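Work through these short exercises with the model in view. Try each task before you read its solution.

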Amino acid sequence: MGKGGGCVPSKKRQPPTNTGAGAPSSSSGAGAVPREAPEVESSEAAAAAETTGRKLRLYIVFYSMYGHVEALARQAAAGVGAVEGVEAVLRRVPETLSPEVLEKMQSPAKDPAIPVITAPADLEEADGVLFGFPTRYGAMAAQMKAFFDSTGSLWEKQSLAGKPAGFFVSTGTQGGGQETTAWTAITQIVHHGMLFVPIGYTFGSGMFKMDEIRGGSPYGAGVFAGDGSRQPSETELALAEHQGKYMAAIVKKLT
């Protein structure tokens, strides 16, 4: 399967990731205007947030070893920013590998501008969460699983119950787990009582494109990393941006 999302990461360094600025819009790779989340009236909570000046917070919590997942995370954040009253909060989960191992794996340095979420209790401040992670043998990487394993106190209190949650992933190959990674991850949020929000086929014709390699599924955005040298395509980035925008609209509706 391959680096950044297949079974065994390769040692090629991922090229620089795209940021929200200057990245393609959500319709650039779709060929049609994607369908947005149902339009809703402002809830009492949203109205109260406007009164206090606080925006709703959609946390984007991810693990990225070589940059593929981080590229999707940044693009999803750009989509969230397009929805009035909702802000994206980017956080990466703690690394479990030693600096020596990461150096041997040629993993690039993490961007210090994105803080590590050191306390799982920080998720209590979120109005919704998007989790992003690479695949290892068809399931989430150990770093993300370790983070979920650290949320026992939140589970005990059911502090996250009712919060909407979604996933985006990276795999090394087309059959490397774009869907199974989401399937197996659902158990984590189910035990927390969170509400899984798939994107379905709301991305429009972009979900049916057959003229290029494209990651992503009805479960969420995705990227094919290959051996690590392949950058996310415009369509993959546009799908991630769409997921951020779609999820933000759902958070606004449910809060």
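**Exercise 1: Two unusual backbone angles**

Q106 counts as partly exposed because its relative accessibility is 41% (buried is under 20% relative accessible area, exposed over 50%, partly exposed in between; 1.4 Å probe, protein chains only). This is a predicted model: local features need pLDDT of at least 70, side-chain atom pairs count only at pLDDT 80 or more, and totals for chains, interfaces and linings use all residues. Residues are numbered from 1 along each chain as its sequence is written, and side-chain values use heavy atoms, leaving out hydrogens and water.

Task: Find where Q106 and Y137 sit, and state the phi of each.

Solution:
- Step 1. Q106 lies in the loop between helix 3 (99–104) and strand 3 (128–136). Helices (H or I, at least four residues) and strands (E, at least two) are DSSP runs, numbered from the N terminus.
- Step 2. Q106 is not a glycine, yet its phi is positive, about 55 degrees.
- Step 3. Y137 lies in the loop between strand 3 and strand 4 (139–140). Its phi is also positive, about 55 degrees, and Y137 is not a glycine.
- Step 4. Y137 is exposed, because its relative accessible area is 61%.
- Step 5. Most residues other than glycine have a negative phi.

**Exercise 2: Partners of V86**

Task: List the residues that V86 touches, not counting residues up to four places away in sequence.

Solution:
- Step 1. Apply the contact rule: heavy atoms within 4.5 Å.
- Step 2. V86 touches K55, L56, L58, V80, A248 and K252.
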